[in-house]
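The following questions and answers introduce one protein structure to a reader who has not met it before.

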Amino acid sequence: MDVMCKIRSVLTLIGGVLNKAVSFIVFCFLDLVDFILCFVYKVVDFCIEAEWKPCYCSSAKEAITGSGKILVSEQGESKIVCLTPSKLQLEDISDTLYSRPSLVTEVSKLTVNELKKLKLDGTIIQSCEKTKKGTVRSTFTINSTIVEMLQGKMVGQQLHPIPRWSDCDCKLCNSWTSSSKDTLFVKAQGPKDKAREDVLFIHGFISSSAFWTETLFPNFSSTAKSTYRLLAVDLLGFGRSPKPTDSLYTLREHVDMIEKSVLEAYKVKSFHIVAHSLGCILALAIAVKHPGSVKSLTLLAPPYYPVPKGEPATQYVMRKVAPRRVWPVMAFCASIGCWYEHITRTVCLVICKNHRLWEFLTKLITRNRIRTFLLEGFFCHTHNAAWHTLHNIICGTASKLDRYLDAVRDRVKCDVTIFHGKDDEVIPLECSYNVQRRIPRARVKVVENKDHITIVVGRQKAFARELEEIWKRSGSD
């Protein structure tokens, strides 16, 4: 036994070293590919759309201001200015959008910085002296003229209806452009006026409301269907919801659109929340904003990574989610999705823009024996939506989740239940236990032989019964 344990330890060590070595080579190559694609897309964008499209390879300022937003720095963090008719506020964006260290980017930045030093050495010294004499402030003032300019630029701004050349232009993906309503797509089922309570379903990353409507909705009991109004939403940028090309898909934008499209539009007063993966973060934000209205909170595979003290929160979470490793496969896919702006745009160009072809081939190969709602959810989004949502929600909320969880523990007096598939390779099981440590009353249920998707798909009947029990128990409290 001792010999076998030693052999297993040696093999594990060798495998780890090989994984790191191969990963270093592969990701250096991908760094170079993404660097080249950056220039390719600039040329193609200019040829097709008659304008240069800024990206995060150059600078955060160029990419963000190019979308019509105004970038400021507050307490060392990047924020964008959001203006409503009544107030001016700052909105967080994740620094992982523009700060993703790699060998190619570090070399190119070092070269550019050295050239700037030679040319602007005197100017830099002068600016440093001025900085030392002044004080750093986290607030700023804007005069009335600038406010009027911002109001004209931002308040009256509508969701941009024109898809980019690399995005799909089919009727399904762009059904929102023909609607006069500036709201998300919501699939509602159940009694309109006689419903005792409402249930809000929030899907995860690169998915849609079909994740719920095609699995759970048909399997709820007749009693549940007559008691609860079920509301499944397509998040901003996904499914049949609006996909504005000038949005940064921040936490505030996602939450505000859910409030506007569901809570306000359907006059929701008391409700349960069921959320999957990335949707769990939005569910926590909504629960904190509406502590007296939430009756129960059911989270499936919540992506919560506690950040050690002294670590930059967003960068830490990005490396946990996307560790730049070729193995396991899900880590490799997550790393590509999180680290490479232009490679992921190419993936969207090949897959999402041509999703009708892929759906046809899938049906042809399988002889139409499987339902394709998961494929439709995966295909029906834009690169801009997926890229910004991944960084601004998963990574950008890293420093906020502790506060949200503490607020749910102390202020939101509702039932909290967490489900996690034991075989989940996307979000590790430890994340659910991390949430439980923060909210001791939360119940964690580990489902054997189920992963990130099959936690629902394939066991929808059993999960529907479990949800009904949770709602019944919460309603009687």
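**Exposure, sheet, core and rings**

Q: Does Ile-206 count as buried, partly exposed or exposed?
A: The model is predicted, so local features need pLDDT of at least 70 and side-chain atom pairs count only at pLDDT 80 or more, while totals for chains, interfaces and linings use all residues. Residues are numbered from 1 along each chain as its sequence is written, and side-chain values use heavy atoms, with hydrogens and water left out. Buried means under 20% relative accessible area, exposed over 50% and partly exposed in between, with a 1.4 Å probe and protein chains only. Ile-206 has 21% relative accessibility and therefore counts as partly exposed.

Q: What is the phi of Ile-206, and where does the residue lie?
A: Ile-206 is a residue other than glycine with a positive phi, near 50 degrees. Helices (H or I, at least four residues) and strands (E, at least two) are DSSP runs numbered from the N terminus. In these terms, Ile-206 lies in the loop between S5 and H5.

Q: Is Lys-267 buried or exposed?
A: Lys-267 also is not a glycine, yet has a positive phi of about 50 degrees. Its place is the loop between H7 and S7. With a relative accessible area of 66%, Lys-267 is exposed.

Q: Which strands stand at the edges of the open sheet?
A: Strands pair if DSSP finds at least two bridges between them. Seven strands form the sheet, in the order S4-S6-S5-S7-S8-S9-S10, with mixed pairing. Two of them have a single partner strand each, so one side of each is left without a neighbour in the sheet: strand S4 (186-189) and strand S10 (443-447).

Q: Which residue in S6 stands opposite Ala-188?
A: S4 and strand S6 (residues 228-233) run antiparallel and are joined by four bridges. Opposite Ala-188 in S6 stands Leu-231.

Q: Which helix gives the largest share of the largest nonpolar core?
A: A nonpolar core is a set of buried Ala, Val, Leu, Ile, Met, Phe, Trp, Tyr and Cys residues joined through side-chain atoms within 4.5 Å. The largest has 72 residues, and Ile-202, Ile-258, Leu-282, Ile-286, Leu-297 and Val-408 have the most contacts inside it. Its largest share, 10 residues, comes from helix H8 (residues 278-289).

Q: Why does this core lie between domain 1 and domain 2?
A: Domain bounds come from an automatic or database domain assignment. The core lies between the two domains because both give residues to it: domain 1 (25-55) and domain 2 (186-475).

Q: How is the pair of Phe-201 and Phe-217 classed?
A: Rings of Phe, Tyr and Trp (its six-membered ring) pair if their centres lie within 6.5 Å; planes under 30 degrees apart count as stacked, over 60 as edge-to-face and the rest as tilted. Phe-201 and Phe-217 are 5.3 Å apart centre to centre, with 65 degrees between the planes, and the pair is edge-to-face.

Q: How is the pair of Phe-217 and Phe-220 classed?
A: Phe-217 is buried, with a relative accessible area of 2%, and Phe-220 counts as buried at 5% relative accessibility. The ring centres are 6.4 Å apart and the planes stand at 50 degrees, so the pair is tilted.

Q: Which residue does a cis peptide bond join to Trp-327?
A: Most peptide bonds are trans. The cis bond here has an omega of about 0 degrees, and the residue it joins to Trp-327 is Pro-328.
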